[in-house]
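Work through the exercises below with the sequence and the model open side by side. Try each task before you read its solution.

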Amino acid sequence: MSDILIVDDERDIRELISDILEDEGFATRLAGNSDDAMAAVNAEAPALMILDIWLKDSKMDGIDILKSVKRDNPDVPVVIISGHGNVEIAVAAIKQGAYDFIEKPFNIDQLMVVIRRAMETSRLRRENVSLKRKDGSPSEMVGNSTAFKTLVSQLDKVTKSNGRVMLTGPAGAGKEVAARYIHANSNRASAPFVTVNCAGVAPERMEEVLFGRETPERGIEQGLLEQGHGGVVYFDEVADMPLGTQSKILRVLVDQQFTRVGGNDKVRVDLRVISSTNKDLEVEIAADTFREELYHRLNVVPIAVPSLSERREDIPLLAAHFIEKFNSGQGLPLREITDDAQALMQTMLWPGNVRQLKNLVERVLILGEDSSPIEARELPGEEDHSEEEGRVVLSGAMASLPLREAREAFEREYLLTQINRFGGNISRTANFVGMERSALHRKLKSLGVVTSAKSGTRVAHVDDEE
């Protein structure tokens, strides 16, 4: 995409334009009819196209070529030239996506001004898109737990293929980060990453958002699928996609083409699709809210993204990562985290998962007054106990139990929390709680606490058979 393609059925004109452009330092290619023009575009998209409206002995006229080029190569600016110009033709060309219209015989200086502006506009647009991609959600994966390593290992296996991936996991667990990781490490990394927020688009607008539209007043308006051509389209929370749209997306997956709303032309796209959901799609299928065939098309490679409770070992690393990001991005204090604060964060409930942790870190940094280490008293749940240190506030249920049962309940909950904090590692748990490993095993058995594998790590829970 570094030269200018000149399409004109008059040899003298196309060669004259070529000579002038080459004198200005541009490389050129020439075509005298629609077949040669389309062959040149399909071989390699040019940086810019100069296109005559009327082409003798051609299957397509300039408007047809323009529509085809803008459909498959929307970033290529097209300057229309014509010896039979009128307002209607000029308006039609602009509506179909032409950058400008120049009537023959044209002034060479005028043509050069239009060409330079068109190429500069195209360059700025590409740079803007590139910057938006860089400013988007991060693709950096942070963690060191077994569950995290298992996830990254699975993601690495699918980065180089074009297979469709279905990411499952609770809200806030980092499914979009995982999708961006696949994109950033694939051979499509330099192409677009387009997110479709299936839950955030009104059902009646979903098809326009996805497929774009064509109207006499505004011409062609690209949809998200067209914007993602050559790259990755990420369907966020795909279970919320309207049923009517699901059938059309299924057809796109099969044919890799679609028709814009209000249009007739087929738009060809090259897309890799990644989807995510926090729902059980098989349950949605049984409830007739999700198409089974679409499920099988999207669920080629299923990958589970673990909740934060399944990777508690990563909480200190994630918190430090967010602190660094907020410092560099917003100028918030670069604070360390005390051991007590880390321990508390690892034992807290995180229904909002990584997103909730990120929000908590931001809040603590905003409300903090200096760069001193973050202490446990700054975290939720600690402020209620700060007046009388050394006291543990009992819940109503705990306070109503006899001493022996209350002690067992506390020990069970305490050890469950510590084991999960250390990723199911009994040795590290025993060292922290101050028990011999064998004694800890006996204590766990007496309390009915067992560990089992989940998402690549060991998770402690109460034995259901107890």
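The exercises go from the domain layout to single residues and then to helix pairs. The model is predicted.

**Exercise 1. Domain layout**

Task: List the domains of the chain, and state how far apart the C-alpha centres of domain 2 and domain 4 lie.

Solution.
Step 1. Read the domain assignment. Domain 1 spans 3-134 and domain 2 spans 146-306. Domain 3 covers 309-378, and domain 4 covers 396-462.
Step 2. Take the C-alpha centres of domain 2 and domain 4. They lie 41 Å apart.

**Exercise 2. An annotated stretch**

Task: Find what UniProt places at residues 141-366, then describe the secondary structure over residues 141-366.

Solution.
Step 1. Go to the record. The unreviewed UniProt entry gives the feature "domain: Sigma-54 factor interaction" at residues 141-366.
Step 2. Turn to the model. Over these residues the chain is 43% helix and 16% strand.
Step 3. Check the ends. The end C-alpha atoms of the stretch are 24 Å apart.

**Exercise 3. Asp52 and its surroundings**

Task: Locate Asp52, decide whether it is buried or exposed, and name its contacts beyond four places in sequence.

Solution.
Step 1. Start with the annotation. The unreviewed UniProt entry marks Asp52 as "modified residue: 4-aspartylphosphate".
Step 2. Place the residue. Asp52 is in strand S3, residues 48-52.
Step 3. Judge its accessibility. The cut-off for buried is under 20% relative accessible area. Asp52 has 3% relative accessibility, so it counts as buried.
Step 4. List the contacts, leaving out neighbours within four places in sequence. Asp52 is in contact with Val7, Asp8, Asp9, Gly62, Ile81, Ser82 and Lys104.
Step 5. Follow one partner. Ser82 lies in strand S4, residues 78-82. Ser82 is buried because its relative accessible area is 0%.
Step 6. Look back from Ser82. With residues up to four places away left out, Ser82 touches Asp52, Ile53, Trp54, Phe101, Ile102, Glu103 and Lys104. Lys104 thus appears in the contacts of Asp52 and in those of Ser82.

**Exercise 4. Positive phi outside glycine**

Task: Glutamate 237 and aspartate 288 each have a positive phi. Which loop holds each residue, and is each one buried or exposed?

Solution.
Step 1. Take glutamate 237. Its phi is near 55 degrees, and it is not a glycine.
Step 2. Place glutamate 237. It sits in the loop between strand S10 (232-236) and helix H10 (243-255). Its relative accessibility is 13%, so it counts as buried.
Step 3. Take aspartate 288. Its phi is about 60 degrees, again in a residue other than glycine.
Step 4. Place aspartate 288. It sits in the loop between helix H11 (281-286) and helix H12 (292-298). Its relative accessible area is 58%, so it is exposed.

**Exercise 5. Two helix pairs**

Task: Describe how H13 packs against H14, and how H17 packs against H19.

Solution.
Step 1. Recall the convention. Two packed helices are described by the angle between their axes and the distance between the axes.
Step 2. Apply it to H13 (residues 315-330) and H14 (residues 339-347). Their axes come within 9 Å and cross at roughly 110 degrees. H13 and H14 are therefore roughly perpendicular.
Step 3. Add handedness and contacts. H13 passes H14 in a right-handed crossing. Ile315, Pro316 and Ala319 of H13 meet Gln342, Met345 and Gln346 of H14.
Step 4. Turn to H17 (residues 403-421) and H19 (residues 437-447). Their axes are 10 Å apart, at an angle of about 120 degrees. H17 and H19 are therefore oblique to each other.
Step 5. Finish this pair. The crossing of H17 and H19 is left-handed. H17 contributes Glu408, Glu411, Arg412, Leu415 and Ile419 to the contact, and H19 contributes Leu440, Lys443, Leu444 and Leu447.

**Exercise 6. Leucine 360**

Task: Which helix holds leucine 360, and which residues does it touch beyond four places in sequence?

Solution.
Step 1. Place the residue. Leucine 360 lies in helix H15, residues 353-367.
Step 2. Judge its accessibility. At 8%, leucine 360 counts as buried.
Step 3. List the contacts. Leucine 360 touches Met348, Trp350, Leu379 and Pro380, with residues up to four places away not counted.

Terms used
Residues numbered from 1 in each chain as written. Predicted model: local features only at pLDDT ≥ 70, side-chain atom pairs only at ≥ 80, totals over all residues. Heavy atoms only, no water. Domains from an automatic or database assignment. UniProt positions renumbered as here; feature names shortened; annotations may be inferred. Buried < 20%, exposed > 50% of the residue type's maximum accessible area, 1.4 Å probe, protein only. Contact = heavy atoms within 4.5 Å. Axes fitted to C-alpha atoms, helices over the stretch in contact; angles between N-to-C directions. Parallel < 35°, antiparallel > 145°, perpendicular 65-115°, else oblique. Left-handed = near helix turned anticlockwise from the far one by under 90°.
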